[in-house]
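Please open the model in your viewer and keep the selection tool at hand. The tour proceeds by selections, from the whole chain to single residues.

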Amino acid sequence: ICHSGITFDGSAVGCSLVYCRIERGNATGVFPFSFGGAILCYFADPVIENCEIVDNAAMEGFGGGIACYYSSPMIKGNTIAGNKALFSGGGVFCLCASPTIEANNIYNNWTPGSGGGIACCETSNPTIVNNKIHSNTADSVGGAIDLAFSCNPVIINNTITGNSAGLNGGAITCSYSANPTVLNTIIWQNLSPDSSDTVSYTHLRA
């Protein structure tokens, strides 16, 4: 049986979701309910830790696993796998958000759009540290991570392997003034038609 996921809507400081399994969530309806197949953080900063977030969907929107909108949650030590989103962020999606994404295993997520593992846009500045981001797929760009529209994330000590994109950026795609800091990160055996192991900087035009 599918459910509509869990929403933190302006939640109080100190809210948390720890050692839970969230599966078969399905984000449907108009914004913001089309965001976050498993979890939507909407003007909220919860702790999401040591959870299994698997096989959820946002096939009318963004963020198959977790979506963050004007939020800065702590997303730590989770398994985020097998989720899918229609437009962007198969695993995690950030819009005007700055979460800490730390020590997660993010894999086998998919989107026909951008950011198979993680997608960030509109001045999102997440800290992405100590994660394994592997085997994710974006049919468009950014197999592992897609960054767009003035995002300035810090990406440190991650392993980014075996991801794929249908157009470019098998590992990471940066566009529209995205400017990440990438340090001590293994980027290996990612695939896209333009090249393998790619970090693609593009300036797309509508």
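The stops below begin with the overall fold, continue through the nonpolar cores, and end with individual loop residues.

**The whole chain**

Select the full protein chain, bearing in mind that this is a predicted model. A cartoon representation shows 27 strands and 0 helices. The radius of gyration is 15 Å, close to the 17 Å that the globule rule gives for 206 residues, so the chain is as compact as a globular protein of that length. Aligned to its principal axes, the C-alpha trace fills a box of roughly 40 × 30 × 30 Å.

Next, display the surface. The exposed area is about 8400 Å², of which carbon and sulfur atoms supply 53%. Buried residues account for 50% of the 206 residues. If contacts are drawn between residues at least 6 apart in sequence, 81% of them join residues at least 24 apart. Colouring by charge picks out 6 positive and 13 negative side chains, and the centres of these two sets are 5 Å apart.

**The nonpolar cores**

Which residues have the most contacts inside the largest nonpolar core? Select Ile39, Ile66, Ile118, Ile145 and Leu147, which hold that place in a core of 33 residues. Two or more residues of this core come from each of the strands β4 (39–42), β8 (66–69), β12 (92–95), β16 (118–121), β20 (145–148) and β24 (172–175). A second, separate core has 10 residues, among them Phe93, Leu95, Ala119 and Cys121. As background, nonpolar side chains tend to be buried together in soluble globular proteins.

Centre the view on Ile39, in strand β4. Its relative accessibility is 0%, so Ile39 counts as buried, the cut-off being under 20%. Beyond residues up to four places away in sequence, Ile39 touches Ile6, Phe8, Leu17, Ile22, Ile48, Ile53, Gly65, Ile66 and Ala67. A distance drawn from Ile39 to Gly116, 77 residues away along the chain, gives 17 Å between C-alpha atoms.

Move on to Ile145. With neighbours within four places in sequence set aside, Ile145 is in contact with Ile118, Ile133, Ile155, Ile160, Ala171, Ile172 and Thr173.

**The loop between β3 and β4**

Select the loop that runs from β3 (21–23) to β4, where Gly25 is found. Is Gly25 buried or exposed? Gly25 is buried, with a relative accessible area of 3%. Its contacts, apart from neighbours within four places in sequence, are His3, Gly5, Gly37, Asp55, Asn56 and Ala57. The C-alpha atoms of Gly25 and Ile6, 19 residues apart in sequence, lie 8.3 Å apart.

Arg24 belongs to this loop between β3 and β4. Although not a glycine, Arg24 has a positive phi of about 60°, and its relative accessible area of 42% makes it partly exposed. Pro32 is also found in the loop between β3 and β4; inspect the bond joining Phe31 and Pro32, which is a cis peptide with omega of about 5°.

**Asn163 and Ser135**

Finally, select Asn163, in the loop between β22 (159–161) and β23 (164–165). Asn163 is buried, at 1% relative accessibility. Outside its neighbours within four places in sequence, its contacts include Ile133, His134, Ser135, Asn136 and Gln189.

From there, step to Ser135, in the loop between β18 (132–134) and β19 (137–138). Ser135 is a residue other than glycine with a positive phi, near 60°. Its relative accessible area is 32%, and Ser135 is partly exposed.

Methods. Residues are numbered from 1 along each chain as its sequence is written. This is a predicted model: local features need pLDDT of at least 70, side-chain atom pairs count only at pLDDT 80 or more; totals for chains, interfaces and linings use all residues. Side-chain values use heavy atoms; hydrogens and water are left out. Helices (H or I, at least four residues) and strands (E, at least two) are DSSP runs, numbered from the N terminus. The radius of gyration is taken over C-alpha atoms; the globule rule is 2.2 Å times the number of residues to the power 0.38. Buried means under 20% relative accessible area, exposed over 50%, partly exposed in between (1.4 Å probe, protein chains only). Contact means heavy atoms within 4.5 Å. Accessible areas come from the Shrake-Rupley method with a 1.4 Å probe; for residues, only the protein chains shown count as cover. Lys and Arg count as positive and Asp and Glu as negative; His and the chain ends are not counted. The place of a charge is taken as NZ of Lys, CZ of Arg, CG of Asp or CD of Glu. A nonpolar core is a set of buried Ala, Val, Leu, Ile, Met, Phe, Trp, Tyr and Cys residues joined through side-chain atoms within 4.5 Å.
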